[in-house]
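Let's take this one step at a time, with short questions and short answers. Have the sequence and the 3D view open while you read.

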Amino acid sequence: MRRRMFWSLIGIALLLGGCATVDTAAVKSKTEGKNLVVVSTVDSKLNLLWVGTTVFNIEQQVADKPEWKLPELFNQQVLKRLKDSGRLMRVAASTATTGDRNEIVRTNAPLADLALVLSNGVIGDPVYQTNQVMRGLGVFQRSALGLKANSLPHAVIKAELIDLRTAETVATYTTKSFEFQAYSLGSGANIESDKAEMVQQSLTRLTDKASDELVKAFGFQ
């Protein structure tokens, strides 16, 4: 119990530490009273990674779970929090589905002042300090010498705030939201059937956590 609490505190510290990477004063001056569109390429594919004792014990898999509706939840939560901030004149979801920066600017410049572009992010292993990474939505799991460790469901989302008038980046931020859960990946880095509901519930919570983290990091709350 103490060990889990210790690692949970580490996770919280990482989340709080990440918020200092954005110049919130600069973001505020660029966004006050402006129109913003949210462009998202976050998809329903879960990145599953099981890291064993050596590099020969790494297993990974991509599992598509559109029925869990995680990207939709995340996008809705970001939109709601931005609207609730009261800083922006108008917030809307863009119909653009491409991640191409030039296309995003060309398509959305006639419609808004700013674009918040959401995509799968990448961070280094924040807990076990392996040379592997967490990517987008998914589960990272560590084991050593046959011992099963906790799994880390995660929501790692990159956000880039773009000034559509100049095509310049105002700020970028990558969420670092994760939870500690019971061992959940089986051979081949597949979600074990009796853990699927736990993983879904955890990732559902994490979309909310990540959207809150993101909006706070940009100084909207």
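Q: Where does Ala167 lie?
A: This is a predicted model, where local features need pLDDT of at least 70, side-chain atom pairs count only at pLDDT 80 or more, and totals for chains, interfaces and linings use all residues. Residues are numbered from 1 along each chain as its sequence is written, and side-chain values use heavy atoms, with hydrogens and water left out. Helices (H or I, at least four residues) and strands (E, at least two) are DSSP runs, numbered from the N terminus. With those names in hand, Ala167 sits in the loop between S8 and S9.

Q: Is Ala167 buried, partly exposed or exposed?
A: Phi of Ala167 is positive, near 65 degrees, and this residue is not a glycine. Buried means under 20% relative accessible area, exposed over 50%, and partly exposed in between (1.4 Å probe, protein chains only). Ala167 has 32% relative accessibility, so it counts as partly exposed.

Q: What is the relative accessibility of Lys69?
A: Lys69 is in the loop between S3 and H3. Its phi is positive too, about 55 degrees, although Lys69 is not a glycine. Lys69 counts as partly exposed because its relative accessibility is 48%.

Q: Which residue shares a 2.5 Å polar contact with the side chain of Ser44?
A: Ser44 lies in the loop between S1 and S2, and it is buried because its relative accessible area is 17%. Contact means heavy atoms within 4.5 Å, and, leaving aside neighbours within four places in sequence, Ser44 is in contact with Ala63, Asp64, Lys65, Pro66 and Pro71. A polar contact is a pair of N or O atoms within 3.5 Å; within protein, one must be able to donate a hydrogen and the other to accept it, and residues adjacent in sequence count only if both atoms are side-chain atoms. The side chain that makes this 2.5 Å polar contact with Ser44 belongs to Asp64.

Q: Which element gives the most to the largest nonpolar core?
A: A nonpolar core is a set of buried Ala, Val, Leu, Ile, Met, Phe, Trp, Tyr and Cys residues joined through side-chain atoms within 4.5 Å. The largest one has 41 residues, and those with the most contacts inside it are Leu36, Leu82, Leu116, Leu118 and Phe218. Elements that each supply at least two residues of this core include strand S1 (35–40), helix H3 (70–85) and strand S5 (114–120). With 7 residues, the biggest giver to this core is H5.

Q: Which phenylalanine does Leu116 touch?
A: Leu116 is among the residues with the most contacts inside the largest nonpolar core. Not counting residues up to four places away in sequence, Leu116 touches several residues, including Leu36, Val37, Val78, Leu82 and Phe218. So look for a Phe on that list, and you land on Phe218.

Q: What share of the residues of the protein chain counts as buried?
A: The protein chain has 5 helices and 12 strands. Among contacts between residues at least 6 apart in sequence, 71% join residues at least 24 apart. Of the chain's 221 residues, the share that counts as buried is 49%.

Q: What is the phi of Gly33?
A: At the start of helix H2 (residues 24–31), a side-chain oxygen of Asp23 reaches to within 3.2 Å of the backbone nitrogen of Ala25. H2 is followed by Gly33, whose phi is positive, near 70 degrees.
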